[in-house]
Amino acid sequence: MYSLKKKSLSIATTVYWILLLYIITALVWWFIELKNQNQQMTNYRISELNSKDPAIQKKKDQINRENNRKTTQYVLEGITFLALILVGAVFIYRAVRRQFKLQAQQQNFMMAITHELKTPIAVTKLNLETLQKHQLDESMKQKVLSMTIQEADRLANLANNILVSAQLEGRNYKQAPEDLDLSSLVETCVNEFIRRYSDRNFILQIQPEIDFIGDVFLLEIMLNNLLENAVKYAPADRPVICRLQKNGKVIELHVIDEGPGIPDKEKRNIFEKFYRLGSEQTRQTKGTGLGLNLCRKIAHDHHGYIRVRDNEPVGSDFAVIFDK
Ligand code: ADP
């Protein structure tokens with residue numbers, strides 16, 4: 001399926017270049033033809049002049065001046081036309097490539113989402129059947145239950161991401177901004193992660209009582225996605241830092257991990273919708289490529305922005321900055 005997409009993209013690209021080349025060649029040919037015709041007309045008009053006419057030189061000069069004026073007119077028209085064609089060509093080229101890229105990503109998304117939906121449902125069913133059929137000791141029972149809750153959380157997270165992303169895009173989500181204590185909101189979210197991932201090490205560096213106006217639900221989704229990624233992509237024995245600080249009017253929320261980090265050339269791409277690093281075949285971790293795009297939208301909606309930098313010595317430092 002993927003190679004089919006690649007093939008149709010290369011066919012479309014070849015047809016595009018051939019057409020563009022044809023148009024430019026036609027334009028150059030048209031220019032040469034016009035110039036030749038103009039020259040022939042000039043020669044003809046000069047040959048038609050009466051050689052005994054005392055004003056012949058003046059008339060010749062006049063005809064030559066007209067010839068030059070026409071040539072300049074053709075050159076200028078040609079350049080304008082060429083510029084318009086090139087601008088249009090660049091525009092079409094970019095639009096077509098974007099369309100193909102989006103199609104490929106949507107296909108990846110469909111593959112990922114099928115897997116993402118099926119796995120938690122299958123795991124939950126299996127766990128519940130195990131609890132129903134077998135008498136497990138208490139500690140085993142707790143382990144199976146917490147695994148099931150984790151799967152349910154993942155499913156809820158996925159459903160939230162899909163719904164909110166669609167609602168924000170269709171402008172159907174009615175935001176409910178309110179005065180809130182951002183420090184407590186962040187602390188509550190991280191504590192929920194500490195509960196869910198009791199074997200992971202979360203470090204909280206939160207400046208207390210930072211006031212903020214925002215939509216609680218959206219802010220929680222944003223932070224949950226960043227924390228979820230840190231847990232997902234970084235090794236289990238490495239800490240995840242969540243930092244919230246305010247300097248003057250600028251509020252910074254960081255989620256820092258010691259995972260593989262993001263290559264420089266991918267630092268912008270990862271915020272695009274459905275974008276995931278690597279190919280769907282080689283990808284180890286689960287995901288849909290929606291999370292960071294949603295984080296970017298939510299940050300924008302709160303008059304802020306999101307960026308990623310390298311963490312030293314390893315990992316990534318995702319920061320949401322509210323500076324307005
Ligand atoms: P998902 O995690 O569902 O694939 P995201 O939009 O959250 O989608 O992330 C997009 C991509 O960015 C991921 O597929 C992953 O390759 C990369 N990424 C995100 N967060 C991290 C992180 N903390 N460390 C390394 N890579 C990350």
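**Close-up views of a predicted model**

**View 1. Proline 313 sits in the loop between β6 (304-310) and β7.** The model shown here and in every other view is predicted. In this loop, look at the peptide bond between glutamate 312 and proline 313: it is cis. Its omega angle is about 0 degrees. The strand β7 that follows the loop of proline 313 spans residues 316-322.

**View 2. Glutamate 209 has a positive phi.** The angle is near 50 degrees, and the residue is not a glycine. Glutamate 209 belongs to the loop that links β2 (202-206) and β3 (211-214).

**View 3. Backbone atoms of threonine 288, glycine 289 and leucine 292 approach ligand oxygen atoms.** At threonine 288, a backbone N or O atom is 2.7 Å from an oxygen atom of the ligand. For glycine 289, a polar backbone atom and a ligand oxygen are 3.1 Å apart. The distance from a polar backbone atom of leucine 292 to an oxygen atom of the ligand is 2.8 Å. On its own, the ligand has 530 Å² of accessible area, and the protein covers 96% of this.

**View 4. A shell of 18 residues surrounds the ligand.** Which residues come closest? They are Asn229, Tyr233, Asp257, Arg276 and Thr288. By class, eight shell residues are nonpolar, seven are polar and three are charged. The ligand takes up the space of the largest pocket. Three elements each give two or more residues to the ligand shell: α5 (216-233), α6 (291-301) and β7 (316-322). The largest share is that of α5, with three residues.

**View 5. The largest pocket has a volume of about 1200 Å³.** Its lining counts 49 residues. Closest to the pocket centre are Glu228, Asn229, Lys232, Tyr233 and Lys286. Asn229 and Tyr233 are also among the residues closest to the ligand. The elements with two or more residues in the lining are α2 (56-133), α3 (138-169), α4 (182-196), α5, α6 and β7.

**View 6. Helix α3 and the pocket lining.** Which element gives the most residues to the lining of the largest pocket? It is α3, with 10 residues. Around the ligand, by contrast, the largest share comes from α5. How is the pocket lining made up by class? It has 18 nonpolar, 18 polar and 13 charged residues.

Note on methods
Residues are numbered from 1 along each chain as its sequence is written. This is a predicted model: local features need pLDDT of at least 70, side-chain atom pairs count only at pLDDT 80 or more; totals for chains, interfaces and linings use all residues. Side-chain values use heavy atoms; hydrogens and water are left out. A residue is near a molecule or strand if one of its heavy atoms lies within 4 Å of it. A polar contact is a pair of N or O atoms within 3.5 Å; within protein, one must be able to donate a hydrogen and the other to accept it, and residues adjacent in sequence count only if both atoms are side-chain atoms. Accessible areas come from the Shrake-Rupley method with a 1.4 Å probe; for residues, only the protein chains shown count as cover. On a 1 Å grid over the protein atoms alone, a cavity is a set of points where a 1.4 Å probe fits but cannot get out, and a pocket is an open set with protein on both sides within 12 Å along at least five of seven lines; lining residues have an atom within 4 Å of a point. A molecule sits in a cavity or pocket if more than half of its atoms lie within 2 Å of its grid points. Helices (H or I, at least four residues) and strands (E, at least two) are DSSP runs, numbered from the N terminus. Ala, Val, Leu, Ile, Met, Phe, Trp, Tyr, Cys and Pro count as nonpolar, Asp, Glu, Lys and Arg as charged, and the others, Gly among them, as polar. Grid points are joined across faces, edges and corners, and a volume is the space filled by probe spheres set on the points.
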